[in-house]
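Trainee: I should like to learn how surface patches, pockets, cavities and salt bridges are read from a model. May we take them in turn?

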Amino acid sequence: MVFIDGGTFRMGADSDRFPEERAADNVSVSSFCIDTHEVTNAEFAKFVKATGYKTVAEIPLSKEEFPDLPDEQRLAGSLVFQPPKEDAQTVAFLSWWNWTVGANWQHPFGKDSSIKNKDNYPVVHISYKDAEAYAKWIGKSIPTEAQWEYASRGGLDRATYAWGDQYSEKRANTWQGIFPFFNTKADGYKGLAPVGSFPPNGYGLYDMTGNVWEWTSDFFEVGHDRMAHQHNPIAGDRHKSFDPKKPDESVLHVIKGGSYLCAPNYCSRYRPAARESESPDTGTTHIGFRLVKNSI
C-alpha cells in the first residue's frame with residue numbers, strides 16, 4: 001500500500017456530456033493508505049483458499065427469490081463482453097454484453113476459459129458483496145469515492161487525466177479504435193493487462209484509470225453537490241440512490257476509473273472525475289477493486 005497525505009481538492013468535473021460528474025469545490029479527506037494496484041487473481045485466490053468463499057457469480061439464483069425465472073435463467077454466471085462482428089453496420093446499445101453461464105472470477109469468459117498464468121491480472125466478475133467479504137478478511141476497506149478520486153489524481157488537482165491534460169494511449173489500458181468493433185491495441189493490449197503495466201501516477205499508484213472499473217463504498221447520485229466543503233464525505237443515501245439512465249434499478253454503488261473497454265467514441269471514462277453506477281450484485285469482465293486502510 002501507499003500512504004496518501006490528506007488534503008483538499010476539487011471533486012468531479014463540469015461537462016455537458018457527463019452531468020453525473022458535476023463538480024464540487026473544497027472536498028477534503030484525511031490521510032489514508034491505498035493499494036498500489038487492483039486486487040489480483042493470485043491475491044483473491046488466497047482468500048478463497050483460506051475461507052472457501054463463493055462469489056455471487058458462482059451461486060445460482062434461488063427459486064424462492066426468483067420464482068418466475070425459468071430454471072436455465074437461474075444458473076450461475078456473469079456478464080461477459082463479446083464484440084460484435086466487425087462487418088456489422090449497426091448494433092443495439094449494450095448488445096455486446098452477454099449473460100454467460102459459468103463465467104466467474106476463475107473462468108472470466110465462461111466455463112472453458114481460465115486464469116492460468118494470469119496471477120498478476122486484476123480479478124474480475126467481482127460484485128460489491130464479494131469485495132466487502134475480501135476487505136473484511138484482509139482487514140481493509142472499500143474506498144469512498146472521495147478517497148478514490150483524490151488518490152487517482154496523484155496530486156494533479158483539476159487535471160483531466162491522472163497524468164495531466166493530454167490523453168495518451170501509453171498511460172492507461174484503454175480502447176483504441178472504434179468501439180465495439182475493433183481495437184488497434186496501440187497501448188499493447190486488446191483486453192485486460194497485468195497490474196502495473198502502465199506508468200504510475202504521482203502517488204505511485206498503478207491503473208487508477210483504465211484496465212478495470214473499481215468499486216467504491218458510496219451510493220450513486222447524480223453530481224457531487226452535497227459534497228462541497230465537506231470533510232471525508234460519503235456520497236448518497238441507499239434509500240435515495242438513483243441513476244436516471246437506469247430507472248428500474250436502485251441501491252446503486254459508484255464505480256470509478258473506466259476500463260480497457262473505454263474509448264473516445266464511446267464513454268471516455270478513463271479519467272479521475274469519471275463515475276458510473278453499478279448494482280452491488282453485478283460483476284462483469286471489466287469490474288475489479290482495490291482497498292484502503294483508514295488512519296486512526
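Mentor: Let us begin with strand β6, which spans residues 97–101 and includes Val101. Please keep in mind that the model is predicted.

Trainee: Is Val101 buried, partly exposed or exposed?

Mentor: The class follows from the relative accessible area: under 20% is buried, over 50% is exposed, and partly exposed lies in between. Val101 has a value of 44%, so Val101 is partly exposed.

Trainee: Which residues form a nonpolar patch on the surface with Val101?

Mentor: Leu75 and Trp99 join Val101 in that patch. Together the three have about 300 Å² of accessible area.

Trainee: Which residues lie closest to the centre of the second largest pocket, and what is its volume?

Mentor: The second largest pocket has a volume of about 600 Å³. Of its 26 lining residues, Val56, Ile59, Leu61, Trp99 and Asp281 are the closest to the centre. Trp99 is thus named twice, as a member of the nonpolar patch and as a lining residue here.

Trainee: Which elements give two or more residues to this lining?

Mentor: They are β5 (77–81) and α2 (128–138). The largest share, 3 residues, comes from β5. By class, the lining has 13 nonpolar, 8 polar and 5 charged residues.

Trainee: How is the largest pocket lined?

Mentor: The largest pocket, with a volume of about 690 Å³, is lined by 25 residues. Phe93, Leu94, Lys246, Tyr266 and Glu276 lie nearest its centre. Strand β9 (residues 275–278) supplies the largest share of the lining, 3 residues. The classes are 13 nonpolar, 5 polar and 7 charged.

Trainee: How many cavities of 30 Å³ or more does the structure hold?

Mentor: A pocket is open, whereas a cavity is a space where the probe fits but cannot get out. The structure holds 1 cavity of 30 Å³ or more, and the volume of the largest cavity is about 90 Å³. Its lining consists of 13 residues, with Ala162, Arg171, Pro199, Asp207 and Met208 nearest the centre. That lining divides into 9 nonpolar, 2 polar and 2 charged residues.

Trainee: How many salt bridges does a search of the whole structure find?

Mentor: Side chains of opposite charge can pair when their charged atoms come close. The search finds 16 salt bridges. In one of them, the side chains of Arg10 and Asp25 meet at 3.0 Å, N to O. This pair links distant parts of the chain, with Arg10 in strand β2 (residues 7–11) and Asp25 in strand β3 (residues 24–29), 15 residues apart.

Trainee: Why does Arg10 count as buried?

Mentor: Arg10 counts as buried because its relative accessibility is 18%. Its partner Asp25, at 32%, is partly exposed.

Trainee: Which residue forms a salt bridge with Lys256?

Mentor: Glu149 does, with the closest N and O atoms 2.9 Å apart. Lys256 in strand β8 (residues 253–256) and Glu149 in helix α3 (residues 145–153) are 107 residues apart in the chain. Both Lys256 and Glu149 are buried. The two also belong to a network of salt bridges that links them with Glu145, Arg153 and Arg275.

Trainee: Is Arg226 buried or exposed?

Mentor: Arg226 has 55% relative accessibility and therefore counts as exposed. The side chain of Arg226 meets that of Glu221 in a salt bridge at 3.4 Å, N to O.

Methods
Residues are numbered from 1 along each chain as its sequence is written. This is a predicted model: local features need pLDDT of at least 70, side-chain atom pairs count only at pLDDT 80 or more; totals for chains, interfaces and linings use all residues. Side-chain values use heavy atoms; hydrogens and water are left out. Patches are made of residues with over 30% relative accessible area and no salt bridge: like charges are joined within 9 Å, nonpolar side chains (Val, Leu, Ile, Met, Phe, Trp, Tyr) within 5 Å. Accessible areas come from the Shrake-Rupley method with a 1.4 Å probe; for residues, only the protein chains shown count as cover. A salt bridge is a side-chain nitrogen of Lys or Arg within 4 Å of a carboxyl oxygen of Asp or Glu. Helices (H or I, at least four residues) and strands (E, at least two) are DSSP runs, numbered from the N terminus. Buried means under 20% relative accessible area, exposed over 50%, partly exposed in between (1.4 Å probe, protein chains only). On a 1 Å grid over the protein atoms alone, a cavity is a set of points where a 1.4 Å probe fits but cannot get out, and a pocket is an open set with protein on both sides within 12 Å along at least five of seven lines; lining residues have an atom within 4 Å of a point. Grid points are joined across faces, edges and corners, and a volume is the space filled by probe spheres set on the points. Ala, Val, Leu, Ile, Met, Phe, Trp, Tyr, Cys and Pro count as nonpolar, Asp, Glu, Lys and Arg as charged, and the others, Gly among them, as polar.
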